[in-house]
Each structure stands twice: as C-alpha cells, then as structure tokens.
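Trainee: Could you take me through one part of this model, slowly and in a connected way? I would like to start from a single loop residue and work outwards from there.

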Amino acid sequence: MRVAAVQTVVPDHRYDQDQITQAVVQRTDADERLVRRFHTATQVTGRSLALPIDEYVKLGGFTGANDVYIETAVELASRAVRDALGQSGFAPQDVDHLIFCSSTGVATPSLDARVAQRVGLREDITRVPMFGLGCAAGAAGLSRLYDHLRGWPERVAVLVCVELCSLTVQREDTSVANLVASGLFGDGSAAVVAVGDQRDNGSHRGPRVVATRSRLYPDTQRLMGWDVGDHGFRVVLAADLVDHVEATLAGDVGSFLGDHGLSVDEVDSWVCHPGGPKVIEIIQQELGLEPDALDITWNSLRTMGNLSSVSVLNVLQETIAHRRPPDGEPGLLMALGPGFSAELVLLRW
C-alpha cells in the first residue's frame with residue numbers, strides 16, 4: 001500500500017493556551033493554581049476548538065454537545081477528504097473504500113455515510129466505521145487500509161479521522177484526569193488517501209506500508225478511555241499509564257522490527273503519536289532515539305495539542321512535507337490508545 005496524500009484540517013477557532021486555561025478556571029470550581037500547573041506541564045501553546053470559547057457554557061449537557069459534534073465532525077472530515085483527494089490527484093468517484101475513525105461523539109447512521117454523500121463518493125462505496133480506539137485509531141486505521149488494499153491491490157481507499165475532544169470536557173469534574181485533558185487535547189480531522197500496489201504509479205511522495213502489528217495488553221482497561229453516562233464522555237487517564245509504556249514499548253517495537261530483519265538503530269524515521277510530554281520522553285528514552293528524532297511529534301503537540309486519532313496522521317503529513325527520508329529507508333509509525341493497546345506500522349519510504 002502506498003500513502004498518496006495526507007491532509008489535516010482544524011476548526012477556525014484557535015486560542016492560545018493561556019486563554020483556554022483562563023476559561024477552564026472561570027467555568028469550574030477547580031483551584032486556579034492546579035489548573036495552570038497541569039496546563040503548563042502539557043507544553044501545549046495553543047489549540048483549535050470546535051466552537052468559539054464563549055459558547056461552551058451554552059451546550060446544555062451531552063445532547064447539545066453531541067449535536068455540535070455531528071455537525072462539526074461532518075464538516076471537518078469532509079474538508080479533510082476533499083483536500084487529501086485534491087493532493088492525491090484522485091477524484092471522489094475513484095474511491096472504493098472508506099474507513100472512518102472517531103471516539104468523541106456518537107451517531108447512527110455513522111458519520112462516514114454523511115461524509116461520503118457530502119464529498120460525492122460513489123453509491124457502492126464500502127464503509128467501515130471504527131469507534132473507541134481513541135488515540136490509537138489513526139495508526140489502526142492505516143493498518144486496516146493496508147489489509148483492504150492487500151486484498152484489492154487495484155483499489156483506492158480513504159481513511160478519515162475526526163476528534164472533537166473539547167466537547168467531552170466535563171465542567172463539573174475537577175479530577176486530575178479531567179483537568180489534564182482540558183489542557184492537553186485539541187480538535188481536528190485528518191484524511192489519508194492510499195492506493196494498492198497495482199494502482200501505485202510512483203508519482204506520490206508518501207511511504208509504502210509494508211507490515212503492521214497490534215498489541216492488546218491484558219488487565220489494562222482502566223489506563224485510558226471514557227466513562228460514559230448521562231454526563232457524556234468522562235475521561236479516564238490513569239497515573240501509571242507512563243509506567244506501562246516504559247515497561248512494554250521497547251520490547252514490542254524491537255520484536256516487531258526484528259521479525260522484519262530490522263533493529264531500532266536501522267530506523268531513522270519515527271512517526272509517533274504525541275500523547276503527552278511524559279509519553280514522548282519515555283518513547284525517546286526507551287528506544288534510545290537521537291535528540292531530534294521526535295521533533296515533528298513535539299511540534300505537533302505544542303502547536304495543536306493531542307488530537308487523539310488525528311495526531312499521528314498530522315505527524316505523518318509533516319514528515320512527508322518536511323523530513324521525508326531517502327527512498328527505500330525504513331520508518332515506524334506508532335500510536336497508543338485505550339484497551340490498553342499499541343499500533344505499530346512499518347513504513348518503507
């Protein structure tokens with residue numbers, strides 16, 4: 001499978017981190033010093049939000065937030081798909097398969113049906129909506145594109161992820177997890193256009209996906225996720241999540257690369273999801289990466305926040321545009337998410 005194009009789209013409402021911090025302080029009972037400490041620790045400098053910041057107090061609970069999610073998610077996802085198709089040189093009618101990933105709202109029909117019709121995809125498009133994979137979904141979605149295009153190498157397939165994390169922040173929840181989330185996560189969408197080997201004419205600069213691996217860890221369901229109820233989505237972020245990453249990631253990455261005749265030292269291109277400063281630092285430390293190996297990941301975190309499933313695709317887009325390795329070089333794309341799980345994607349540039 002060849003990545004033909006990647007495009008990230010964010011809402012028009014962008015705010016400096018300090019503006020968001022001040023809004024959180026004003027609209028919760030949380031201690032201001034605590035909020036500022038957590039928000040500063042994320043190293044995020046600004047984020048784009050689904051709504052103007054003053055309109056969040058008008059949402060009126062989960063129903064109002066989910067209505068905004070549906071409307072905004074369809075708009076952003078449609079823009080991302082159109083832009084990615086435009087970059088790839090393919091028309092909407094060329095697309096055979098659509099995968100849609102999101103974990104920050106719910107809808108039936110699933111939003112991929114609405115996006116397909118708004119973009120003008122064919123009526124016989126095959127669709128796979130994926131919910132609940134959280135931050136891992138961008139990498140998992142690429143893996144499922146790869147599975148499809150191995151079986152149908154003459155086809156064109158599209159992955160679109162959209163996350164509106166700001167709509168899930170609980171105003172009444174002063175837990176550490178919710179305060180950290182209010183300072184870390186942002187909103188956006190990204191789309192990937194990919195082609196099977198028989199459709200690859202060599203004109204695209206994106207990498208080939210050559211192998212994937214999923215890792216699901218037992219007894220880790222409470223490390224990350226949502227508690228879902230009348231309140232909507234309440235974030236679960238365990239304090240020992242980083243400890244789990246430290247204990248498992250290097251071994252899993254080494255095993256995956258070793259199965260394909262590679263070692264960590266032979267991989268110069270690292271496309272990593274920006275989960276947060278501590279997670280990025282652990283990845284760098286445990287894999288023994290060069291100081292600048294994750295610069296694009298750090299920049300994505302600082303300028304956009306953690307966009308959940310969207311973030312790793314944004315890092316991939318920026319890697320293609322600004323740090324593309326020479327042809328033939330191996331690379332690794334990775335993301336971690338609820339389950340607790342890891343998704344690894346071996347690239348060849």
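**A loop residue and its surroundings**

Mentor: Happy to! Let's begin with Arg-222, which sits in the loop between strand 8 and strand 9 (224-229). Keep in mind as we go that this is a predicted model. Arg-222 counts as exposed because its relative accessible area is 52%, and the cut-off for that label is over 50%. Setting aside residues up to four places away in sequence, Arg-222 touches Asp-227, Val-236 and Ala-238. With Asp-227 there is also a polar contact: the two side chains are joined at 2.8 Å.

Now look across to Phe-340. Along the sequence, Arg-222 and Phe-340 are 118 residues apart, yet their C-alpha atoms are 8.0 Å apart in space.

From here we can turn to strand 13 (residues 341-348). Strand 13 forms a hairpin with strand 12, with 3 residues between them. In that turn, Gly-339 has a positive phi of about 145 degrees. Strand 12 (residues 330-337) pairs with strand 13 in the antiparallel sense, over 8 bridges. One place to see this pairing is Leu-332, whose bridge partner in strand 13 is Leu-346.

Strand 13 also pairs with strand 8 (residues 208-216): 8 bridges join them, and the two run antiparallel. Here you can pick out Arg-215, which stands opposite Ala-342 of strand 13.

How enclosed is strand 13? Of its 8 residues, 7 are buried, so strand 13 is largely enclosed by the rest of the structure. Buried, for this purpose, means under 20% relative accessible area.

Let's finish with the nonpolar cores. The largest has 48 residues, and Tyr-69, Val-81, Leu-85, Leu-167 and Val-193 touch the most other members. Several elements supply at least two residues each, including strand 1 (2-9), helix 1 (17-27), helix 3 (62-88) and strand 7 (187-195). Helix 3 gives the largest share, 12 residues. Tyr-69 is a good residue to display: leaving aside neighbours within four places in sequence, its contacts include Phe-100, Val-106, Leu-111, Leu-164 and Leu-167. Apart from this core lies another, of 41 residues, and this brings us back to where we were: among its members are Leu-223, Leu-262, Leu-287 and Leu-346. Leu-346 is the strand 13 residue we met as the bridge partner of Leu-332.

Definitions and conventions
Residues numbered from 1 in each chain as written. Predicted model: local features only at pLDDT ≥ 70, side-chain atom pairs only at ≥ 80, totals over all residues. Heavy atoms only, no water. Buried < 20%, exposed > 50% of the residue type's maximum accessible area, 1.4 Å probe, protein only. Helix = DSSP H or I, 4+ residues; strand = E, 2+ residues; numbered from the N terminus. Pairing = 2+ DSSP bridges. Contact = heavy atoms within 4.5 Å. Polar contact = N/O pair within 3.5 Å; in protein donor to acceptor, adjacent residues only side chain to side chain. Core = buried A, V, L, I, M, F, W, Y, C linked by side-chain atoms within 4.5 Å.
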